[in-house]
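Please find below my comments on the structure, set out as numbered points for discussion at the bench.

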Amino acid sequence: MNIISRRKLMTTGLLAAAGATGLGVAAKLAGRYGLIPPDAGVLYGAGETLTYAAQRLLTRHSMAQEFSRSQISKNPFANGIDALGPEFQRLQAGGFAEWRLAVDGMVARPALLPLAVIKSFPRSTQITMIACEEGWSYIAEWSGVPLAHVLNLVGALPQARYVVYRSFQPDWWESIDMADALHPQTLLATGMNGGELPVPFGGPLRLRVPRQLGYKNVKYITRLTLTDNLKGFGKGLGSSSPEGGYAWYAGI
């Protein structure tokens, strides 16, 4: 049986189980194939599992829609943030020359990467939409290094299942699975609309995950940690357990 037909069979089984006997049975079937999201234990966990499993089986390699330059939003919306403080202001005044991205966890070669080094890596550009769970959206051109390049550089270990990414903002973090981390459209973005990435939009470094909602696209990235589970990371950006508000998987 080829991979595509196997995926179709598994997806059909999940949906049939959900319709015939309830989400709990579908969740058990998803578990058999390793398709359980980290927030499976919350109130709507079975539904989250079905959504995540179906998405991973059907759209693992799908691409987010890309747009033409004429469709770039003239007045993109930058949602407000808390004051970043004097240390951020100091780094900004120095052109972010001292900004560092730490990469650790389940990697063969942990690294501390200056922004200039990140900008020297092979670059990718995309014109994609960012959509917020609050209802607003805009289209912009994003440029940066594919996250996959950095993970290959540090030697991501095969047992790693998630990438946890932390912001300069205290206690601000999110995570994605390796399918999204290695997706060609997932960027460590340093540029927007042909220039440097503006601070209100996450400059100098933002994780851009165009296949997920806005809250997964964290600004001011300072650390990437590869792990096989999310226990012990505490509460972060505001997603569901283990974070605390929205669904962990926010695929669109």
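The points below take up confidence, the sheet, the cores, the aromatic pairs and the unusual backbone positions.

1. Confidence. The structure is a predicted model. The average pLDDT of the protein is 84, and 78% of the residues reach a score of at least 70. Residues 1-23 have a pLDDT below 50, and this stretch makes 30 contacts in the model beyond near neighbours in sequence. Residues 237-243 also have a pLDDT below 50, with 36 contacts in the model counted beyond near neighbours in sequence.

2. The sheet. Five strands form an open sheet of mixed pairing, in the order S2-S1-S10-S5-S6. Strand S2 (111-114) and strand S6 (173-177) are the edge strands, each pairing on one side only. From one strand to the next, the twist averages 20 degrees. S1 (residues 100-105) and S2 run antiparallel and are joined by 4 bridges. Within this part of the sheet, Val 103 has Ala 111 of S2 as its bridge partner.

3. The helix on the sheet. Helix H6 (residues 147-154) packs on the sheet and touches S1, S2, S5 (162-167), S6 and S10 (221-227). The direction of H6 makes about 60 degrees with that of S10.

4. The largest nonpolar core. This core has 34 residues, and Leu 101, Leu 188, Ile 221 and Leu 224 have the most contacts inside it. The elements giving two or more residues to the core are H4 (85-93), S1, H5 (115-120), H6, S5, H7 (178-181) and S10. H6 gives the most, with 4 residues.

5. Leu 188. Which residues does Leu 188 touch, leaving aside those up to four places away in sequence? The list comprises Leu 101, Ser 143, Gly 144, Val 145, Leu 147, Val 150, Leu 205, Arg 206, Leu 207, Ile 221 and Leu 224. Leu 101, Ile 221 and Leu 224 are thus named both here and among the residues with the most contacts inside the largest core.

6. A separate core. Apart from the largest core lies another, of 11 residues, which include Cys 132, Trp 136, Met 192 and Phe 201.

7. Aromatic pairs. The whole structure contains 13 aromatic pairs. One of them joins Phe 96 and Trp 99 in an edge-to-face arrangement, with 5.7 Å from centre to centre and 85 degrees between the planes. Phe 96 counts as buried because its relative accessibility is 11%, and Trp 99 is buried, with a relative accessible area of 2%. Ring pairs also link Phe 77, Trp 136, Tyr 138, Trp 142 and Phe 201 into a cluster. Trp 136 and Phe 201 of that cluster are also named in the core of 11 residues.

8. Positive phi. Most residues other than glycine have a negative phi. Phe 96, although not a glycine, has a positive phi of about 60 degrees; Phe 96 is placed in the loop between H4 and S1. Tyr 220 is not a glycine either and has a positive phi of about 55 degrees. Tyr 220 lies in the loop between S9 and S10 and counts as buried because its relative accessibility is 0%.

9. A cis peptide bond. Most peptide bonds are trans. Gly 203 and Pro 204, however, are joined by a cis peptide bond, with omega about 15 degrees. Pro 204 is found in the loop between strand S8 (195-196) and strand S9 (206-208).

Terms used: Residues numbered from 1 in each chain as written. Predicted model: local features only at pLDDT ≥ 70, side-chain atom pairs only at ≥ 80, totals over all residues. Heavy atoms only, no water. pLDDT = per-residue confidence, 0-100. Contact = heavy atoms within 4.5 Å. Pairing = 2+ DSSP bridges. Axes fitted to C-alpha atoms, helices over the stretch in contact; angles between N-to-C directions. Core = buried A, V, L, I, M, F, W, Y, C linked by side-chain atoms within 4.5 Å. Buried < 20%, exposed > 50% of the residue type's maximum accessible area, 1.4 Å probe, protein only. Phe/Tyr/Trp six-rings, centres within 6.5 Å; stacked < 30°, edge-to-face > 60°.
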